[in-house]
Amino acid sequence: MTRKRAGVAQHTDHGKPDPRFPQPQSPTPTRCQTEPQLFDRDYGDSRKEKELAKARRACSGCPIVTDCLKWALVNADLTKVGIFAATTPHQRKELRQRLADRLGPDWIDILAHQDQIRRERAAAARHTPLPVNQARIVRLDRQVNGPMPTHRLLTPELQQRNRRRLMAGLADLKAVS
């Protein structure tokens with residue numbers, strides 16, 4: 001059986017990748033494709049620290065590093081050796097444990113569900129774009145307030161702050177009219 005590292009086939013006798021998480025692909029060749037020997041080593045030895053740092057620097061500029069990390073975390077059997085998204089096998093094991101602690105033992109299913117929702121929202125946004133004025137409002141709101149978290153509760157302090165901002169905006173609108 002083979003596994004791929006960003007498009008480069010490699011042989012392994014481990015399980016199959018999770019089909020819900022496609023292997024990340026880049027339109028341009030990545031360093032792991034052009035220099036796979038740098039990434040497919042076992043970095044348990046401190047003497048190889050310089051080479052490990054070089055591999056991590058290469059990952060830091062990669063356009064698919066986020067998807068690569070997600071793929072490596074989900075497909076533990078296929079990523080027991082080597083550098084994926086600037087992480088060693090030991091670091092990925094710790095990250096998997098932290099995900100399991102935070103999201104539960106079915107953390108992979110939760111990630112798959114979140115990805116599915118994200119893809120559906122992106123597809124819906126492509127088909128129903130905002131009018132220009134609404135797009136400006138959304139952009140300005142994100143610049144002032146940052147991205148809108150979906151999990152944050154409105155505390156009385158936040159409600160009061162929002163009310164003050166709304167009243168200031170209405171006052172500015174009346175002054176302009």
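**View 1. Thr 30 sits in the loop between β2 (8–11) and α1 (31–34).** This is a predicted model, and the tour starts at Thr 30. Is Thr 30 buried or exposed? At a relative accessibility of 5%, Thr 30 is buried, because the cut-off for that label is under 20%. Put Pro 63 in the frame too: along the chain, Thr 30 and Pro 63 are 33 residues apart, while their C-alpha atoms are separated by 8.3 Å.

**View 2. Arg 31 and Glu 35 pair up in a salt bridge.** Their side chains meet at 2.9 Å, N to O. Arg 31 counts as partly exposed, with 33% relative accessibility. Glu 35 is partly exposed as well, at 23%.

**View 3. The whole protein, zoomed out for orientation.** How many helices and strands does the protein have? The secondary structure comes to eight helices and two strands. Following the sequence, you read the pattern β-β-α-α-α-α-α-α-α-α. Of the 177 residues, 25% are buried. Looking at contacts with a separation of 6 or more, 53% are between residues 24 or more positions apart. The accessible surface is about 12900 Å², and carbon and sulfur atoms own 57% of that.

**View 4. Eight residues make up the largest nonpolar core.** The members are Cys 32, Leu 38, Phe 39, Leu 52, Ala 55, Ala 58, Cys 59 and Ile 83. Two helices, α2 (36–39) and α3 (49–60), each put in at least two residues of this core. Which helix gives the most to this core? That would be α3, with four residues. Another core, of seven residues, lies apart from this one. Among the residues of that other core are Phe 21, Leu 73, Trp 107 and Ala 112.

**View 5. Thr 79 is tucked into the loop between α4 (65–74) and α5 (89–103).** Thr 79 is buried, with a relative accessible area of 2%. What does the Thr 79 side chain reach at 3.0 Å? The partner is the backbone oxygen of Ala 72. So here is a polar contact, since the cut-off for an N or O pair is within 3.5 Å.

**View 6. Ala 85 and Ala 86 both have positive phi values.** Most residues other than glycine have a negative phi, so this pair is worth a look if you check backbone torsions. Phi of Ala 85 is near 50°, and phi of Ala 86 is about 65°. Where is Ala 85 placed? Ala 85 belongs to the loop between α4 and α5, and Ala 86 is in the loop between α4 and α5 too. Their exposure labels differ because the cut-off for buried is under 20%: Ala 85, at 9%, is buried, whereas Ala 86, at 21%, counts as partly exposed.

**View 7. Asp 18, Arg 20 and Asp 109 are linked in a network of salt bridges.** Side chains of opposite charge can pair when their charged atoms come close. Within this network, how far apart are the closest N and O atoms of Asp 18 and Arg 20? They are 2.8 Å apart. Asp 18 is buried, at a relative accessible area of 15%. Arg 20 is partly exposed, at 35% relative accessibility. For context, the structure holds five salt bridges.

**View 8. Lys 70 and Asp 115 form a salt bridge at 2.8 Å, N to O.** This pair links distant parts of the chain, with the two residues 45 residues apart. Lys 70 is in helix α4, and Asp 115 is in helix α6 (residues 107–127). Is Asp 115 buried or exposed? Asp 115 counts as buried, with 11% relative accessibility.

**View 9. A nonpolar patch of about 410 Å² lies on the surface.** Which residues make this patch? Leu 166, Met 167, Leu 170 and Leu 173 do. One of them, Met 167, lies in helix α8, which covers residues 156–176.

Definitions and conventions: Residues numbered from 1 in each chain as written. Predicted model: local features only at pLDDT ≥ 70, side-chain atom pairs only at ≥ 80, totals over all residues. Heavy atoms only, no water. Patch = residues over 30% accessible without salt bridge, like charges linked within 9 Å, V, L, I, M, F, W, Y side chains within 5 Å. Areas by Shrake-Rupley, 256 points an atom, 1.4 Å probe, with all protein chains shown as cover. Salt bridge = Lys/Arg side-chain N within 4 Å of Asp/Glu carboxyl O. Buried < 20%, exposed > 50% of the residue type's maximum accessible area, 1.4 Å probe, protein only. Polar contact = N/O pair within 3.5 Å; in protein donor to acceptor, adjacent residues only side chain to side chain. Core = buried A, V, L, I, M, F, W, Y, C linked by side-chain atoms within 4.5 Å. Contact = heavy atoms within 4.5 Å.
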